[in-house]
Amino acid sequence: MKLAIIGTGGIVETCLDALTKADFVMPAAICARPKSETKAHALARKYNIATVYTDYEQLLNDQTIDFVYIGIVNNMHYEYAKMALEHGKNVICEKPVTSNIDEFVELEILAQKGKLFFFEAITLLHSPNFAFMRQHLPDIGRLRMIQANYFQYSSRYDKFLQGIVLPVFDPAFSGGCLYDLNVYNSNFAVVKRSINS
């Protein structure tokens, strides 16, 4: 699978580290805004990525790319995923995959029409505690209520306390607790519901 990486932020490096353990996936290209081109070239050297793009449209026209992984600011996920699907690319998008349900439904329809894969990159569903829950949920019968908590000390929280509001904390960029972290709780509850139905 030849994968193009979109973005150069911290989550992208986490993704690239994970991909070093997956021999069936080859990061073949990386795309960054022109002002982040130097960082993209550094990541390309570190992870042996052949091509660096600063033009997303040009990347999408690269016929060697099978999938795109979108690891950019949350409020841009919809636009970038839509363009990729319209160009016949399969999509793996960081969470939250979109900012609202209407955007998600539109992308889901586009993917189905194009017979394309469209995934949200959320690791929760692959964790041991989730596998345990999935295996044993039928043992407890019908669920009537779910309480879920997810806590994480953000590496960007100290800046937030200093008054520097980065996109991950800014609702204008589909950031903040409800968009960025609560997606874990929502996802867990939705999947629990589908198992229990």
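Biologist: Which side chains meet in a salt bridge at 2.5 Å, N to O?

Modeller: A salt bridge here is a side-chain nitrogen of Lys or Arg within 4 Å of a carboxyl oxygen of Asp or Glu. The side chains that meet at 2.5 Å, N to O, are those of glutamate 13 and lysine 46. Glutamate 13 sits in helix H1 (residues 10-19) and lysine 46 in helix H2 (residues 37-47), so the pair links distant parts of the chain, 33 residues apart. Helices (H or I, at least four residues) and strands (E, at least two) are DSSP runs numbered from the N terminus. Keep in mind that this is a predicted model, in which local features need pLDDT of at least 70 and side-chain atom pairs count only at pLDDT 80 or more, while totals for chains, interfaces and linings use all residues. Residues are numbered from 1 along each chain as its sequence is written, and side-chain values use heavy atoms, with hydrogens and water left out.

Biologist: How many salt bridges does this rule give?

Modeller: The count is two. In the other pair, glutamate 106 meets lysine 82 at 3.0 Å, N to O. Glutamate 106 belongs to helix H5 and lysine 82 to helix H4, so this pair ties together parts 24 residues apart in sequence.

Biologist: Are glutamate 13 and lysine 46 buried or exposed?

Modeller: Buried means under 20% relative accessible area, exposed means over 50%, and partly exposed lies in between (1.4 Å probe, protein chains only). Glutamate 13 counts as partly exposed because its relative accessibility is 27%. Lysine 46, at 54%, counts as exposed. In the other pair, glutamate 106 is partly exposed at 29%, and lysine 82 is partly exposed at 23%.

Biologist: What is the order of the strands in the sheet?

Modeller: Strands of a sheet pair through backbone hydrogen bonds, either parallel or antiparallel. Two strands count as paired if DSSP finds at least two bridges between them. Here six strands form an open sheet in the order S3-S2-S1-S4-S5-S6, with parallel pairing. Strand S3 (51-53) and strand S6 (118-121) are the edges, each pairing on one side only. Neighbouring strands are turned by 25° against each other on average, direction ignored. For angles, axes are lines fitted to C-alpha atoms, for helices over the stretch in contact, and values run from 0 to 180 degrees between N-to-C directions.

Biologist: Which residues are bridge partners across the sheet?

Modeller: Start at S2 (residues 26-31), which pairs with S3 over three bridges; cysteine 31 stands opposite tyrosine 53 in S3. Five bridges join S1 to S2, and alanine 4 has alanine 29 in S2 as its partner. S1 and S4 pair over four bridges, with leucine 3 partnered by phenylalanine 67 in S4. S4 and S5 also pair over four bridges; isoleucine 70 has cysteine 93 in S5 as its partner.

Biologist: Which way do the side chains of S4 point?

Modeller: Phe67 and Tyr69 point one way from S4, Val68 and Ile70 point the other way, and all are buried. As for S1, four of its five residues are buried, so S1 is largely enclosed by the rest of the structure.

Biologist: What does helix H4 pack against?

Modeller: Contact means heavy atoms within 4.5 Å. The buried residues of H4 pack against S1, helix H3 (56-60), S4, S5, helix H5 (101-113) and S6. Those buried residues are His77, Tyr78, Tyr80, Ala81, Ala84 and Leu85. Histidine 77 counts as buried because its relative accessibility is 0%. Leaving aside residues up to four places away in sequence, histidine 77 touches Ile70, Ile72, Cys93, Glu94, Lys95, Pro96 and Val97. After H4 comes glycine 88, whose phi is positive, near 80°.

Biologist: Which residues make the nonpolar surface patch?

Modeller: Patches are made of residues with over 30% relative accessible area and no salt bridge; like charges are joined within 9 Å, and nonpolar side chains (Val, Leu, Ile, Met, Phe, Trp, Tyr) within 5 Å. Accessible areas come from the Shrake-Rupley method with a 1.4 Å probe, and for residues only the protein chains shown count as cover. Tyr153, Tyr157, Phe160, Leu161 and Val165 make this patch of about 500 Å². Tyrosine 153 is in the loop between helix H6 (128-136) and helix H7 (157-161), and at 57% relative accessibility it counts as exposed.
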